[in-house]
Amino acid sequence: MGIVLSNGKTIDVVCLSCAITGGLIEPDGGVIIDTEYFHAHQDVANPLILASKRHIRCFDELTEEEKIDYINLLTKIRQAQRNVLNIEYVHYFYNEDTTHHFHTWMVPRYDSMYEFGRSVESVGPILLHSRNHLNGKENIKEVLLAIVAPTQESNGK
């Protein structure tokens with residue numbers, strides 16, 4: 001089955017999350033954080049994705065260890081976004097109606113996004129705009145550079 005990534009590449013995998021968390025596919029910019037239970041990487045269309053390594057769909061399926069790891073990682077990543085990138089606001093999304101792993105999107109609010117509005121309803125158009133109009137080499141380069149510093153801070157480097 002072909003899956004089109006946000007960077008425009010098409011890949012053939014059964015489960016995209018398994019391919020990414022298992023290291024078969026290197027996400028653009030590399031891995032931000034990789035723990036026993038979760039894997040975080042940046043999507044070129046803006047969101048940071050924190051995905052479980054196990055096939056689950058809902059919060060209530062997390063083990064106690066996974067719950068602790070999950071909240072600690074969300075907190076660590078959010079602190080890095082604030083401290084390194086000066087990101088003031090983030091929208092968090094997770095969807096139980098998915099064919100793959102439990103994952104959370106952390107969508108930062110950059111000043112340029114306010115032309116789309118401030119509400120949660122603006123996020124869809126923002127992500128589509130990013131994918132369709134901000135997916136060129138220069139924009140991807142900016143995203144990749146913005147990944148490095150928070151990655152280092154999140155990993156304690």
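Here are some notes on this predicted model, for someone opening it for the first time.

1. Start with how far to trust what you see. The average pLDDT over the protein chain is 79, and 79% of the residues score at least 70. Confidence isn't spread evenly, though: helix α2 (residues 64-85) has the highest, with a mean of 93, while helix α4 (residues 137-154) has the lowest, with a mean of 57. Keep that in mind when you look at α4.

2. Next, the overall layout. The protein chain has 4 helices and 7 strands. Walking along from the N terminus, you meet them in the order β-β-α-β-β-β-α-β-β-α-α, so the run opens with two strands and closes with two helices, by the definition of these elements.

3. On to burial and surface. The protein chain has 157 residues, and 43% of them are buried. Its accessible surface is about 9,000 Å², with carbon and sulfur atoms accounting for 53% of that area.

4. How does the chain meet itself? Take the contacts between residues at least 6 apart in sequence: 52% of these join residues at least 24 apart.

5. One spot that shows this kind of separation is N132, which sits in helix α3 (residues 123-133). In sequence, N132 and G8 are 124 residues apart; in space, their C-alpha atoms are 9.4 Å apart. Is N132 buried or exposed? N132 counts as exposed because its relative accessible area is 54%, and the cut-off for exposed is over 50%.

6. For a local piece of strand pairing, look at β3 (residues 31-34) and β4 (residues 38-42). These two strands pair in the antiparallel sense, over 3 bridges. A hairpin of 3 residues takes the chain from β3 to β4. If you want a landmark within the pair, find V31, which has H41 of β4 opposite.

7. Last, the cysteines. How many disulfides are there? The count is 0, taking a disulfide as a pair of cysteine sulfur atoms within 2.5 Å. Two cysteines are worth a look for their surroundings. C58 has a relative accessibility of 15%, so C58 counts as buried, given that buried means under 20%. C18, on the other hand, has a relative accessible area of 31%, so C18 falls in the partly exposed class, in between the 20% and 50% limits.

Note on methods. Residues are numbered from 1 along each chain as its sequence is written. This is a predicted model: local features need pLDDT of at least 70, side-chain atom pairs count only at pLDDT 80 or more; totals for chains, interfaces and linings use all residues. Side-chain values use heavy atoms; hydrogens and water are left out. Two strands pair if DSSP finds at least two bridges between them. pLDDT is the predictor's confidence in each residue, from 0 to 100. Buried means under 20% relative accessible area, exposed over 50%, partly exposed in between (1.4 Å probe, protein chains only). Contact means heavy atoms within 4.5 Å. Accessible areas come from the Shrake-Rupley method with a 1.4 Å probe; for residues, only the protein chains shown count as cover.
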